[in-house]
Amino acid sequence: MADERLVPTVCPYCALGCGFYIKINEGGPMIEYMLDHPTNEGSLCAKGNASMEIINHPDRLRHPLKKTEAGWSRISWDEALATVAGKIGETVRDHGPDALGFLGSAKSTNEENYLFQKMARTLGSKNVDCCARRCHSPTIPAFKRALGASCMTNPISDLANSDCIFVIGSNFAENHPIVARWALRAKDRGAKIVVADPRITPTTWHADLHLQIKLGTDVALLNGMMNVIIDEGLWDRKFVADRTVGFEALVDKVAGYTPDKVSGIIGSTPEAIVRAARIYAGSDSSAIVYSMGITQHSHGTNNVTACADLALLTGQLGRSGAGLYPLRGQNNVQGACDMGVLADFYPGSVSVHDPRAVQLIEEAWGTGPLPMGMGMTAETMPVAAASGNLRFLYIIGEDLVNSDSSSSRGRRELESLDFMVVQDIFMTDTAEMADLVLPAAAWAEKEGTFTSSERRVQWSPKALDPPGEARSDLSTILDLARLLGLDFDYAGPEEVLAEIGRVVPSYAGISMARAEERGGVIWPCPFQDHPGTPILHQEGFTAPGGKARIVPVDYLPPAEEATLDYPLLLTTGREALHHNAGSMTRRSFSLMKRAPELFVEMNPLDADRWSIIADDLVEVETRRGAAWARARVTTRQEEGVIFMPFHFPETNMLTSDVIDPEARIPEFKVAACRIGSMKGVI
Amino acid sequence: MYLYVDIDRCIYCHACEIACERVHGESRISLEAVRDRACVPVLCHHCDPAPCAAVCSGGALTQGESSVIFEAEECTRCGLCIIACPFGAVYLGEADGLQKCDLCPEMEVPACVLTCPAEALVWGDGVERTGVLRRRAAGRVAQYYAESSGRDRISMPQGGAGYE
């Protein structure tokens, strides 16, 4: 039988939304490049190329499993769902709905995420959140306050039209390689690439100017650049006057951030700060690209705010080539946020503190009063479990215990739960802790929409059948909701998408047919024939009064600094061959072959000081715990700072649990630490 | 048709390796980082005349029209080709013996070229491929010149430099 077909799909790894085909024939699923995709033009990174290794992996969960004293025991779906429904009922009866917690997945479709939070909130629980909490949660309040919309402003491909690309806290060459395609095309046109990063990375290789700043000093640099811009009159007077408020306060705030003073904080020369400011402000169109290096700090919201301030001050927004690019990490993290899988937002970025807006959702859903106020977040749920306030936790597609900072504590805390159910494609470390595990379909084994970092909503059709009895999250949620007596009557994802369009205004014009077109639709798409909105803020801002708000912020040092006991600083990040907590990439043969174990990068001077040579096993210890990693001795790393990727479980046993007061993201990027080699020299 | 490497563009992302491994079972291209400051994709340059074909006594490596052809059945695994190759591009694989780029004859454009996010791997006939590189280099030189001579930056339209 020569039944060969090509099914388009959206890459399951990072949030760029790259397209490719899955070729299905008797030889098994294969990748075919999609040359006409607007974001990636056929190209794929290493992980995208390896994505089929996940589909047929022997570790895939195939049946519902219940934890017994003798280990995992296979049960039927009927029994599994009845157990979950029973536990939800008991918990609500005995402890009220706020003892229920729901962690959605930035890997699930929009339709699945929408129904998951609808189920949780209809049950009366406000404890809904997802992994965006530890990735771009600072972007959400900071952008919402400054610009009115908490997302990337321009398409990735529009970077090719920028004259300056200012990269701060992103190593896109390794972590979002398709971004490099467009950035390098800009460079061909004469654009300047300016990178602020404490490390030398393949991204900084391509920089015209690299400011190797100290950890967590981003606000000082950004304020310093704004000081120069104001001092030299490089700001956009018309844009500031017509389209923003708050300029005067910014002038006062940044007056003290002279290049000389900032130089002492960030560790770059005053000349470099001046040059960066001139290039950014003086280019016809400049983009700011940032990622976890900005957000994962105890002052992450301030960091994002300062990025927005810089763009507003110079009018580098609302045009082709000029924009703000928060690069997101998971294939549907933007969608999960849009769908309201966040403790602070209902679908469509409706604040949980806004009674009038929530009332509209009540009307749309035909429910009684919905819960108001901030719910528990991904970070506070384990704490609440330990204190007995959270009794039941339902997690979809997330390895919480390996993603959380200070993860040993989180593990202990989750043990206090009465019941935990985990729905995933693999038996992750989090699933191992559950009472019940439900097997899920992977992305290509189900259909629905994913929203990429550039707000591109794309329909991903079903290409393959899930293994064993694994099911789509959608069908599991629908069956469970029916058991719980909820009126969830949907024939499939297409109907859910239609409801999303009625609740979330920016999705109103997005039908399955539109999302199925090559490249889908970029929201806001407020009505049926609307072409979508690749570039935001072209006319006005959705912030109050139609004007953007410049919010001056002060530099605050990271929560931990080097001390006599912990003389080094540990920072964390990604490497090219792995993805997030690694539950997929650590099961991918071709990737593991090349990146088999946890490593720690350190400067040769630090290696010498602690008698470490390359490839030694090194113990890294922070106030939270200790872990072993293989030494990489390299001048990529500045003296005094060591780096570990967070794709292996050990890294997050070390990271700090100090959180940003507003976004509640932990400071993954800075932890005081000490190191010693196996040889016992400390 | 030839495959050429623009080292100035490589981002050390490993996409080409995984793509090649996906197509051939084992990768025939390999990324070598140099002092953590640059990365060189190492692969067969299909030289003409090719030193590997010249030293191959068994007739496994032969000079084709625009590529060096390898026939595994003829290979005696003597290893002379590995020594002869000036680019380190012929090597013994983990499972399947000698590995060398075959330019993906079953595909219109080789997988590594299609997948390369940074467009560091360039495919075309001799004039085409070097033309892309020349235009990219010219763009850079023009910028450096403008900068060093205090002139305004030359802002080129998309496709003005380096792109078809």
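**Exercise 1. Cis peptide bonds**

In which loop of chain B does P49(B) lie, and which residue does a cis peptide bond join to P49(B)?

Solution. The model is a predicted one, and the first step is to place the residue: P49(B) is found in the loop of chain B that runs between β3 (38–42) and α2 (51–55). The second step is to look at the peptide bond itself, which joins D48(B) and P49(B) in the cis form, with omega at about 5 degrees. A third step carries the search to chain A, where W523(A) and P524(A) are joined by a cis peptide bond with omega of about 0 degrees. P524(A) also belongs to a loop, namely the one between β21 (521–522) and β22 (548–549) of chain A.

**Exercise 2. Positive phi outside glycine**

Locate R664(A) and C104(B), state the sign of phi for each, and decide whether each is buried or exposed.

Solution. Begin with R664(A), which sits in the loop between β27 (641–645) and β28 (671–677) of chain A. Phi of R664(A) is near 60 degrees, which is a positive value in a residue other than glycine. For the burial step, the cut-off is 20 or more other C-beta atoms within 10 Å; R664(A) has 22 C-beta neighbours inside 10 Å and therefore counts as buried.

Continue with C104(B), which is part of the loop between β7 (98–99) and α4 (111–115) of chain B. Although C104(B) is not a glycine, its phi is positive, at about 45 degrees. With 20 other C-beta atoms within 10 Å, C104(B) is buried.

**Exercise 3. A sheet in chain A**

Work out the strand order of the open sheet of 5 strands in chain A, and name its edge strands.

Solution. The strands of this open sheet follow the order β10-β9-β8-β12-β13 in chain A, and their pairing is parallel. The edges are formed by β10 (209–211) and β13 (323–326) of chain A, each of which pairs on one side only. On average, and with direction ignored, neighbouring strands of this sheet are turned by 15 degrees against each other.

To look at one pair in detail, take strand β9 (residues 192–196) of chain A, which is joined to β10(A) by 3 bridges, the two strands running parallel. Within this pair, V195(A) stands opposite H210(A) in β10(A). As background to the step, strands of a sheet pair through backbone hydrogen bonds, either parallel or antiparallel.

**Exercise 4. Two helices and what covers them**

For α5(A) and α18(A), list the buried residues and find elements that cover them.

Solution. In α5(A), the buried residues are T139(A), I140(A), P141(A), A142(A), F143(A) and A146(A). Because 6 of the 8 residues of this helix (residues 139–146) are buried, α5 of chain A is largely enclosed by the rest of the structure. The cover over these buried residues includes α14 (292–295), α15 (300–313), β13, α16 (333–338) and β22 of chain A. After α5(A) comes G148(A), whose phi is positive, near 95 degrees.

In helix α18 (residues 380–387) of chain A, the residues T380(A), M381(A), P382(A), A384(A) and A385(A) are buried. Their cover includes β6 (100–103), β16 (392–396) and α20 (407–414) of chain A. G388(A) follows α18(A), and its phi is positive, near 90 degrees.

**Exercise 5. Chain B and its contact with chain A**

Describe the make-up of chain B, then characterise the side of chain A that touches chain B.

Solution. Chain B has 5 helices and 8 strands, and from the N terminus on its elements run β-α-β-β-α-β-β-α-β-β-α-β-α. Taken along the principal axes, its C-alpha atoms fill a box of roughly 60 × 30 × 30 Å. Of the 164 residues in chain B, 38% are buried.

The contact takes 34 residues from chain A and 32 residues from chain B. On the side of chain A that touches chain B, the elements giving two or more residues are β3 (30–33), α1 (46–49), α6 (172–175), α7 (177–188), α8 (202–205) and α25 (589–594) of chain A. The largest share of that side, 7 residues, comes from α7(A). By residue class, the side of chain A that touches chain B divides into 17 nonpolar, 8 polar and 9 charged residues.

Note on methods. Residues are numbered from 1 along each chain as its sequence is written. Chains are lettered from A and ligands numbered from 1 in the order in which they are written. This is a predicted model: local features need pLDDT of at least 70, side-chain atom pairs count only at pLDDT 80 or more; totals for chains, interfaces and linings use all residues. Helices (H or I, at least four residues) and strands (E, at least two) are DSSP runs, numbered from the N terminus. A residue is buried if 20 or more other C-beta atoms lie within 10 Å of its own, exposed if 12 or fewer, and partly exposed in between; C-beta atoms are placed from the backbone. Two strands pair if DSSP finds at least two bridges between them. Axes are lines fitted to C-alpha atoms, for helices over the stretch in contact, and angles run from 0 to 180 degrees between N-to-C directions. Two residues are in contact if their C-beta atoms, placed from the backbone, lie within 7 Å. Ala, Val, Leu, Ile, Met, Phe, Trp, Tyr, Cys and Pro count as nonpolar, Asp, Glu, Lys and Arg as charged, and the others, Gly among them, as polar.
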